[in-house]
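Open the model in your viewer and keep the sequence panel beside it. We will go from stop to stop, selecting a few side chains each time.

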Amino acid sequence: MKIRLICLTFAGLLLLTSFFSGEIVLRRIPTVKIAHPDRTEYTRSVNCTGEIVERRRHDTYFSLPLMVSEVNVQVGDHVKKGDVLATVDQSASAASLISSYASASTEELYALIQNSQIPQDAVNVFSASGSLSDRLKEIPSEIRAEISGTVTSLNLSVGTPTKAYTPVLTIIDDDSLVAKVAVSENSIEYIHLGDRATITGNAFHNRSYDAVVSAIYPSAYKKYNSLSYETVVDVVLTPTGNTDDLKAGYTAKASIYITDKQTAITAPYEAVRQDDLGEYVYVMEKGKAEKKYVTTGLELSRGFEILSGISRSDWLICNPDVLTQSGMTVRVKTDEN
């Protein structure tokens, strides 16, 4: 009886020891997360930077100083072609012009000009051909918008004469805003007229604008980039939709798409590692982690493009940091463990 009791006790202890030993061994086996390489669609693009510029603008100026009695616009106002922007005080303008003519003879005037004793505006007025009567006829009654767009500069104020041959206001055609970007000489050969592009920028309120390549400049130039000079070519991108949030002078970032959609095999970024021999991944084969070297390509949204080394059917180990060497036995992570 005692012998039987001893044997049963020994057997129980043996089973208990075996159970705990197995549990310890199991815990020492790395738990891995696995996944097949993904298939990702992408479009090759060239990234570049530049600014928003106006393609069409109009500077309004006159050949003689004018006095205005009313100004109807401010900088930032949207105007239409033909709108009255300011009313000219013709009497005051004429009186100022007549006074200038009567103040000195032509010979005396040029003597003063040579001695720099007369404003440059008067120089411009009197150096123009024509009699006083002809000049008086040039005084307009109103200043109208020559194009539709936004007023970006204004040099008009009541009681102050304008400057001759100097723009009194500038209007930019809102529909003519484009992105002028600098493309590296290494990439310009891939860019063609009509290529699609996307324009973004810090001031675009998280919006992006579809665009097309509308012009490629014929020559290159040196541009300072961080710590060195880079040879670039200017490329014009014309937005294809609404440009309400764009303003001339904004910094622009652009991606110019140089191919149609393509498909790549990708591995998650966390699955790829590198040593002295190159980039590698671990794949699970028959319960073991096998190290395989791979050749990567583009960095896409879902991971590295894999050019060679593994196939779509392989089981990638997505947490390779739990492994210390190739050939280790592994177990797959499940919801239970």
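Select aspartate 321 and arginine 273, and show their side chains. In this predicted model, the two form a salt bridge, with 3.1 Å between the closest N and O atoms. Now color by secondary structure. Arginine 273 belongs to strand β18 (residues 273–275), while aspartate 321 sits in the loop between β23 (316–317) and β24 (328–329), so this contact ties together parts 48 residues apart in sequence. Turn on the surface for a moment: aspartate 321 is exposed, at 61% relative accessible area, whereas arginine 273 is partly exposed, at 25%.

Next, pick Glu54, Arg57 and Asp59 together. Salt bridges that share partners join these three into one network.

Stay in the viewer and select arginine 56 and aspartate 173. Here is another salt bridge, and its closest N and O atoms are 3.2 Å apart. Which parts of the chain does this pair link? Arginine 56 is in the loop between β4 (45–54) and β5 (57–60), and aspartate 173 is in the loop between β11 (169–172) and β12 (177–184). These are distant parts of the chain, with 117 residues separating the partners. Is aspartate 173 buried or exposed? Aspartate 173 counts as buried, with a relative accessibility of 13%. Arginine 56 is partly exposed, at 43%.

For the next stop, select glutamate 142 and arginine 144. Their closest N and O atoms lie 2.8 Å apart, and the pair forms a salt bridge. Check both on the surface: glutamate 142 is partly exposed, with 32% relative accessibility, and arginine 144 is also partly exposed, with 39%.

If you would like to look for others, how many salt bridges does a search of the whole structure find? The search finds nine. As background, side chains of opposite charge can pair when their charged atoms come close.

Finish with the cysteines. Select cysteine 48 and look at its surroundings: this residue is buried, with a relative accessible area of 6%. Then move to cysteine 318, which is buried too, at 15% relative accessibility; the cut-off for buried is under 20%. How many disulfides are there when cysteine sulfur atoms must lie within 2.5 Å of each other? The count is zero. For reference, a disulfide is a covalent bond between the sulfur atoms of two cysteines.

Definitions and conventions:
Residues are numbered from 1 along each chain as its sequence is written. This is a predicted model: local features need pLDDT of at least 70, side-chain atom pairs count only at pLDDT 80 or more; totals for chains, interfaces and linings use all residues. Side-chain values use heavy atoms; hydrogens and water are left out. A disulfide is a pair of cysteine sulfur atoms within 2.5 Å. Buried means under 20% relative accessible area, exposed over 50%, partly exposed in between (1.4 Å probe, protein chains only). A salt bridge is a side-chain nitrogen of Lys or Arg within 4 Å of a carboxyl oxygen of Asp or Glu. Helices (H or I, at least four residues) and strands (E, at least two) are DSSP runs, numbered from the N terminus.
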